[in-house]
Amino acid sequence: MDITGKADQKSQRFRNIKLCIFFSGLSVFAQLYLFQPLLPVVAEEFRTTVGDSSLLVSSATIGMALGLFFFAFKADAYSRKGLMLFSLFTSALLTIISTWVPSLTLLIIIGIIKGFVISGVSAVALAYLTEEVHASVVGLAISMYLSGNTIGGMSGRIFATILAGEFGWRKAILIIGIESLILGIIFWKLFPESRFFSPQKIDFSLKMKQMKAFITDPYMLRLYGIAALLMGTFVSVYNYLTFRLEAAPFSLNHFYIAFIFLMYTFGVFGTMITSRLLKKYEQRHILKGFILIMFSGIALLLSENIYVVIFGLGVLTLSFFAAHTMASQMVALHAKEGKSSATSIYWLFYYFGSSILGSGTGYLLHGTSWNTFIMFLIFSVLLSFLLTYKKNKNTLQSVKQIDD
């Protein structure tokens, strides 16, 4: 492979990749979590419980996990750009169709299908970047993708909340679907085709060996477990914080709650901070540090002071995205072969954590209290911190050690 043709920081190709990979994350995550701030409204309309309404979010992430399992085997059989285009256009159309769906059950089914379709982007995005972008700027490119994820999640939540308050939740979904379709068109026009990858016939026995190797590798398995626990914790907070803020002692209306989701901007800083810290510190130390900061952010959510809660949410968001950026880079760089399989398994754990904890904690909150809910999440973060400790020299080493 001639690496001299890889996109570097000064090339137009790299600028197009950065822009489009950012837009892909923006589209995917605006759609994936658009129901999250709408759960109280949807629960009221369909006369259902907190836990049942959360299935609108978990259905999409379950579909995402199923899709990632499928694409762990099949991703390399398709064009990277072609698969991402299919995901962006189809998901946008499904979001638009959701506007007219009359029942919660059908919305959940569409959510599963949409999550499956969306997974095509996540299954190959990191692999594309490590294949097509020069090693000197691959961290920057990955940060741009994850920043798109972050801003997409934030904007989807904010616009959905404000638009639903003004026009109703169905029109809010329609507008976000149309915006996602426009982003897909821009991606189609500007995103470069792969130069260092061609679709290939899938050797399923080889894929199984690769996946078995990743699942049994202590380094990878711990990172996968960390992804599941941190994502499940993070999604749980954002799933149910609206319920908390609408109730006493806060009693906020939808407009103010919408702008609390601006805390998602701290996630962008989190993804970018890691690239700077990598110049001074080992990856595992950065990961451990941000998990500890995430622990402190969650603990602040026990407060009944709105300013403390907002600050805690900002700390939680920044530290989560920094830890996630670090963990995903460690997975992508550790996989010398079968990168798409390695990253697909990472996302598989990531979204199963989102689905299982994201809905399970809803039933916990419904049956107990906010404080019990937060204490359970604190336990989950502490467990993820324990997974950063290595028991042997193969576990959670730095990339420099791996490359050597």
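These are my notebook entries on cavities, a helix contact, backbone geometry and a few single residues in a predicted model.

**Ground rules.** I number residues from 1 along each chain as its sequence is written, and my side-chain values use heavy atoms, with hydrogens and water left out. Because the model is predicted, I accept local features only at pLDDT of at least 70 and side-chain atom pairs only at pLDDT 80 or more, while totals for chains, interfaces and linings use all residues.

**Cavities.** I searched the whole structure and found 2 cavities of 30 Å³ or more. By cavity I mean a set of points, on a 1 Å grid over the protein atoms alone, where a 1.4 Å probe fits but cannot get out, and a lining residue has an atom within 4 Å of a point. Grid points are joined across faces, edges and corners, and the volume is the space filled by probe spheres set on the points.

I looked up the largest cavity, which holds about 70 Å³ of space. I found it lined by Phe-29, Tyr-33, Asn-149, Thr-150, Met-231, Phe-234, Tyr-264, Phe-321, His-324 and Tyr-350. The elements that give two or more residues to this lining are helix H7 (138-167), helix H10 (218-246) and helix H14 (306-334); I take helices as DSSP runs (H or I, at least four residues) numbered from the N terminus. I sorted the lining of the largest cavity into 7 nonpolar, 3 polar and no charged residues, where Ala, Val, Leu, Ile, Met, Phe, Trp, Tyr, Cys and Pro count as nonpolar, Asp, Glu, Lys and Arg as charged, and the others, Gly among them, as polar.

I then turned to the second largest cavity, with about 60 Å³ of space, and listed Gln-31, Leu-32, Phe-35, Leu-56, Ala-60, Ser-98, Leu-107, Ile-110, Gly-111 and Lys-114 as its lining. Helix H1 (12-32), helix H4 (55-74) and helix H6 (104-132) each supply at least two of these residues, and H6 gives the most, with 4 residues. The lining of the second largest cavity divides into 6 nonpolar, 3 polar and 1 charged.

**Helix contact.** Two packed helices are described by the angle between their axes and the distance between the axes. I read off an angle of about 120° for H4 and helix H9 (residues 204-216), with their axes 9 Å apart; the axes are lines fitted to C-alpha atoms, for helices over the stretch in contact, and angles run from 0 to 180 degrees between N-to-C directions. That angle makes H4 oblique to H9, because angles under 35 degrees count as roughly parallel, over 145 as roughly antiparallel, 65 to 115 as roughly perpendicular and the rest as oblique. I noted Phe-69, Ala-72, Phe-73 and Lys-74 of H4 in contact (heavy atoms within 4.5 Å) with H9, which contributes Phe-204, Lys-207, Met-208 and Met-211. These contact residues divide into 6 nonpolar, no polar and 2 charged.

**Ser-341.** I placed Ser-341 in helix H15 (residues 339-367). Its relative accessible area is 0%, so I count Ser-341 as buried; buried means under 20% relative accessible area, exposed over 50%, and partly exposed in between (1.4 Å probe, protein chains only). Leaving aside residues up to four places away in sequence, I found that Ser-341 touches Ala-72, Lys-207, Gln-210, Met-211 and Phe-214. Among these, Ala-72 and Lys-207 also appear in the contact of H4 with H9.

**Backbone geometry.** I checked the peptide bond from Ala-248 to Pro-249 and found it cis, with omega near 10°. Pro-249 lies in the loop between H10 and helix H11 (254-260), and Ser-251 is found in that loop too, with a phi near 50°, a positive value in a residue other than glycine. I recorded a positive phi for Arg-47 as well, near 55°; Arg-47 sits in the loop between helix H2 (39-46) and helix H3 (50-53), and I count it as exposed, at 79% relative accessibility.

**Two further residues.** I located Lys-280 in the loop between helix H12 (265-277) and helix H13 (283-300) and count it as exposed, at 71% relative accessibility. Its C-alpha atom is 42 Å from that of Gly-177, 103 residues apart along the chain. Leu-382, in helix H16 (residues 370-386), is partly exposed, with a relative accessible area of 38%, and the C-alpha atoms of Leu-382 and Ala-228, 154 residues apart along the chain, are separated by 13 Å.

Notes
On a 1 Å grid over the protein atoms alone, a cavity is a set of points where a 1.4 Å probe fits but cannot get out, and a pocket is an open set with protein on both sides within 12 Å along at least five of seven lines; lining residues have an atom within 4 Å of a point.
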